[in-house]
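Dear colleague,

I am handing over the structure we spoke about, and it is shown just below. My notes on what was found in it follow, and I would be glad if you read them with the structure open beside you.

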Amino acid sequence: MLVFPYFCTSKMNRKALLILVFLILTVSLFFCGRRCSHHKDVVINTDSLFFNLNKEIVDKRAKMADNVFSNMSRAGLNGVVLYAEQGEIVYENTFGWRDLSKRQKDSLRIDDAFQLSSDSKMFTAEAIMLLKAQGKLDYDDDVRKFIPELPYEGVTIRMLLTHRSGLPRYDSMADAYWPDRKKPFSNEALIKLLVLKTPKPYGQPGAAYFYNNINYALLASVVERASGKHFEDFMKENIFEPLGMTNSYIYSMRYDTVVSFYMPVKAHGHDIYKKGPVKAQNDYLNGVMGDKIMFSTVEDLWKFNQALDANQLLPDSLQAEAFKPSSPEWKNNENYGFGWRMTKEHPGAYFHYGWWKGYRSAIIRDVHKNRFLAVLGNTTYNIPPDVIWDFVCDTTVQLPEAQPLPQ
């Protein structure tokens, strides 16, 4: 009060002073929150203070989303969609059924978990980054520091993260040498088969980018050996539970002696044929974790996106590594970070697509426009990338032609 004696001369001026002080404190807290956002004890809901969307804009984007994804549903999408911008969910919806093979079909629910397929990689990369933050590994460590029996020299953890290891494909090796397809093929079995057969690598370590699932399967094994925990347990304790991702998990066949005919899930994957959809069977390769086999929901993925924005898991100086291009060459104008793709066409946007055994998925995280999209499907319908990018980027959306799903 001593600083502002003039304002204290009347009730009106005292009220004005209180408003002025509130505004100063609010702005100060906002900028402090931006500078200190990696500290977990600083909790400022800046979305509600500054970034609430205009209702007209929300309604417009929601109607556009419904138009795009309803049309996509008529073209073949069977799945779940969530779209958000400026920290708010603008649109979420379900299209289709959990199990298309049933006569009495159950509708999909927004909290149904879908297999993320290759979109699992962004979570495996996050686990490695957490271990880096804990001082348990460095990105330029030789992988043999953790997997000493690996029969390939010069491969680093960074090379696995960025698909520059030159290692052979594990699925081709397993198809050639795994004797019993009724028995799960695990990460440890993969390593043992590499030791036993040592397939020829595709190239020299670090020489070129080559997208290969073996990189993230080996990263899951690094997580286990560096942490002393099973991969599925580490993910639950260090990512899913802290972020409230209550419907997310790593599907594990660790203790299974036989591959079950179908996966024990609600939203089953399906292969689509001319005669109609067929429920996808479980597969012996589903025993390998890290490159795939994580299950999640669109709302859990939204929580993960929000956690990345708020640096809940890692400080920004470490988290930013995931979104840096790792290769000097931009193949087809695309590059790869740690579990995230990026393209020159959409600077500031990071994404990944997934496909595996009856599931499709697409995740786009546009940090410049503060927009997020997750599309999870439980059929082999190919989510059209041009359509979803046009929608996220506010360009003219070319809707896919309707092609009703065979019954």
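How do the residues of the lining of the second largest cavity divide into nonpolar, polar and charged? Before the answer, please bear in mind that this is a predicted model. The lining of the second largest cavity divides into 4 nonpolar, 4 polar and 1 charged residues, and the residues concerned are M263, V265, H268, G269, A280, Q281, N286, K357 and Y359. The volume of this second largest cavity is about 50 Å³.

It is one part of a wider set, since the structure holds 3 cavities of 30 Å³ or more. The largest cavity has a volume of about 70 Å³, and its lining is made up of S117, S118, K121, Y170, D171, N213, D291, K292, W355 and W356. Two elements, α6 (170-177) and β10 (349-356), are those that give two or more residues to this lining. By class, the lining of the largest cavity has 3 nonpolar, 3 polar and 4 charged residues.

Helix α6 also takes part in a helix pair, for α6 and helix α7 (residues 187-197) pack at an angle of about 75°, with their axes 11 Å apart. The two helices are therefore roughly perpendicular to each other. On the α6 side the contact is made by Y170, M173, A174 and Y177, and on the α7 side by L190, L193, L194 and K197; by class, this contact has 7 nonpolar, no polar and 1 charged residues. Y170 thus appears both in this contact and in the lining of the largest cavity.

Strand β10, the other element named above, belongs to an open sheet of 7 strands in the order β2-β1-β12-β11-β10-β9-β8, in which the pairing is antiparallel. At the edges stand β2 (88-95) and β8 (334-336), each of which has a single partner strand, so one side of each is left without a neighbour in the sheet. From one strand to the next, the twist averages 15°.

At the β8 edge, β8 pairs with strand β9 (residues 341-343) in the antiparallel sense over 3 bridges, and E334 stands opposite T343 in β9. Turning to β2, helix α3 (residues 55-75) lies across β1 (79-85), β2 and β12 (371-377), and runs at about 20° to β2.

With best regards

Key:
Residues numbered from 1 in each chain as written. Predicted model: local features only at pLDDT ≥ 70, side-chain atom pairs only at ≥ 80, totals over all residues. Heavy atoms only, no water. 1 Å grid on protein atoms, 1.4 Å probe; cavity = no way out; pocket = protein on both sides within 12 Å on 5 of 7 lines; lining within 4 Å. Points joined across faces, edges and corners; volume = space filled by probe spheres on them. Helix = DSSP H or I, 4+ residues; strand = E, 2+ residues; numbered from the N terminus. Nonpolar A, V, L, I, M, F, W, Y, C, P; charged D, E, K, R; others polar. Pairing = 2+ DSSP bridges. Axes fitted to C-alpha atoms, helices over the stretch in contact; angles between N-to-C directions. Contact = heavy atoms within 4.5 Å. Parallel < 35°, antiparallel > 145°, perpendicular 65-115°, else oblique.
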